[in-house]
Each structure stands twice: as structure tokens, then as C-alpha cells.
Amino acid sequence: MDWKKYFDTENEKPLDRLVEGYSNTAIFRSIAFIGDSLSSGEFETVDENGQKGYHDLYEYSWGQYIARKNGLKAYNFSRGGMTAKEYMESFAEDNDMWNPEKKCQAYVIALGVNDVLNRGMEIGGVGDIDPTDYHNNKPTFIGYYAQIISRYKEISPDAKFFFVTFPCTNITNHQVPSIEVRGALYALANHFDNSYVIDLYEYGPKYDDKFKEKFYLHTHMNPSGYIFTAAMIDSYIDYIIRHNPDDFRQVGFIGTDIDY
């Protein structure tokens, strides 16, 4: 066996291959998944009168699929309809998500659909971040998003952060804000240390009608859709780690009292 092929990644792009078995995501023994319905394994129902119901079934979330596959501990810090603003202003506090006993080695943040696409919140940028006190960030999507990052950095200073972009869809009026959010997340990853972008807009599949026929249940995903999303997120994190081995060499010490 030529082990060097494992790191022979010069021409590899994210999601060129979906990892089978253990991935490098398993180097993290604890991960928190911060997000909305798509991070919560939400299933949508429609009754005989056309009334919709929304049900968060966390064991079906892509984060829990990743956790079971890789034998790690995962927290669903998520709920259907979640926004970065609500997360920061009430949800996390009300649900004990700032508890230091729940500190993690990595945090995957997948927010923005409800903030930007559904409610039209101003996206903003890194200029909205107060470098001396994150409580003073401007009330934009990125301002609140950065508050979440800063708060978890207080709890787990050396943790790794992964920011998930929106996927590319066939919904015309989503294209421009999706691209703008993508750019803002890359700017955040440059602003904060230990931060990376999971760019589903550029490297994931297009969520068009044929994709939705296979993976959707009404306007949310079906069980296979969440498994497929788990495969993408897991493989993308694996890709990031293999391409940046020096960044992840000492992950095992994160959250411990060992001086490294």
C-alpha cells in the first residue's frame, strides 16, 4: 500500500468522493450541530385539509447520522424555524446550550435560510462585528452569527468551526442572497481562527426538481435526504482535514486540561 495516496489531494475537489466507513470527522469526539429544520431531521406532514405540520425528529438529523457512523457524541443545538437572532437572544440560553459541560471539539453551523431567505434580514458582513465586545455587533445576520461563534469560543477556545453555505437550488429569487451569504461566510472564516467553510453551493449537487423527487418530503427532506446530507457534510469535513493536516494534528487535546 502506498499510504501517500491518502494525502495525494492536489487535484481533488470537495465531494469528489463520499467517504465510506470511518471518516476523519471521527477525530472529533464531540460535535454540536447548530441550525434550523434541516439540521433537526424535520419531517413535514400535510393533512386532508392541506394543513401542514412540522416535526423535529432529531435521530433522523444528518448530525446524528454522522455521530452514529463515526462513534462520536453529537448535540442537536437546533430547531425548525431557527434564526441566528433567536438563537442568540433566547433559544440557546433557554435550552442550556451555553452549558460548559456541553462544550465540544467542533461546531457545525447551518443557519440563514430563515433569517435571510424567509424573513429578509440584512445579511451584513464582518464589518458588523465589534472586535472588543461581540455583544455590540450590529443586528444583521452576520452580526448575530458572529455572536454565536464568539460565545462558543469562550466556552471551547480551541474548537474548530465549520460554516455551511446554502445549496444551489432552482428557486430563482434565492440565487443572489445565497451567493451573498456564501461570500459572507468565507469572510467570517477568514476573520475567525480555526474556521472553515462547507461550500455546498459550489461543490454540492443542485437541489432541482429531480433531486427533490428522490430526497424531499414536501418542502423538507425525507429520511434518505438526511442520510445523503450526512454523507456530504461528513465527507466535506474529512476533505478539509486531509487538506489541512497541520491544523488538526492536536485535536485530541481540545477540551482537556492538557497544556499543548
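Visitor: How many helices and strands does the secondary structure of the chain come to?
Guide: Happy to start there, keeping in mind that this is a predicted model. The secondary structure of the chain comes to eight helices and nine strands.

Visitor: What radius of gyration does the chain have, and how does that fit a globular protein of its length?
Guide: For 260 residues the globule rule gives 18 Å, and the chain's own value is close to that, so the chain is as compact as a globular protein of that length. The radius of gyration of the chain is 18 Å.

Visitor: What share of the contacts between residues at least 6 apart in sequence join residues at least 24 apart?
Guide: Contact here means heavy atoms within 4.5 Å. Among the contacts in the chain between residues at least 6 apart, the share joining residues at least 24 apart is 72%.

Visitor: Is phenylalanine 228 buried or partly exposed?
Guide: Buried means under 20% relative accessible area, and exposed means over 50%. Phenylalanine 215, at 19%, therefore counts as buried. Phenylalanine 228 has 23% relative accessibility, so this residue counts as partly exposed.

Visitor: Which parts does the pair of phenylalanine 215 and phenylalanine 228 tie together?
Guide: These two rings are stacked, at 4.8 Å centre to centre with 15° between the planes. Because phenylalanine 215 lies in one helix (residues 209-215) and phenylalanine 228 in another (residues 223-243), the pair ties together parts 13 residues apart in sequence: helix H7 and helix H8.

Visitor: How is the aromatic pair of tyrosine 207 and tyrosine 216 arranged?
Guide: Tyrosine 207 and tyrosine 216 are both buried. Their rings lie 6.5 Å apart, centre to centre, with 90° between the planes, and the arrangement is edge-to-face.

Notes:
Residues numbered from 1 in each chain as written. Predicted model: local features only at pLDDT ≥ 70, side-chain atom pairs only at ≥ 80, totals over all residues. Heavy atoms only, no water. Helix = DSSP H or I, 4+ residues; strand = E, 2+ residues; numbered from the N terminus. Rg over C-alpha atoms; globule rule 2.2 N^0.38 Å. Phe/Tyr/Trp six-rings, centres within 6.5 Å; stacked < 30°, edge-to-face > 60°. Buried < 20%, exposed > 50% of the residue type's maximum accessible area, 1.4 Å probe, protein only.
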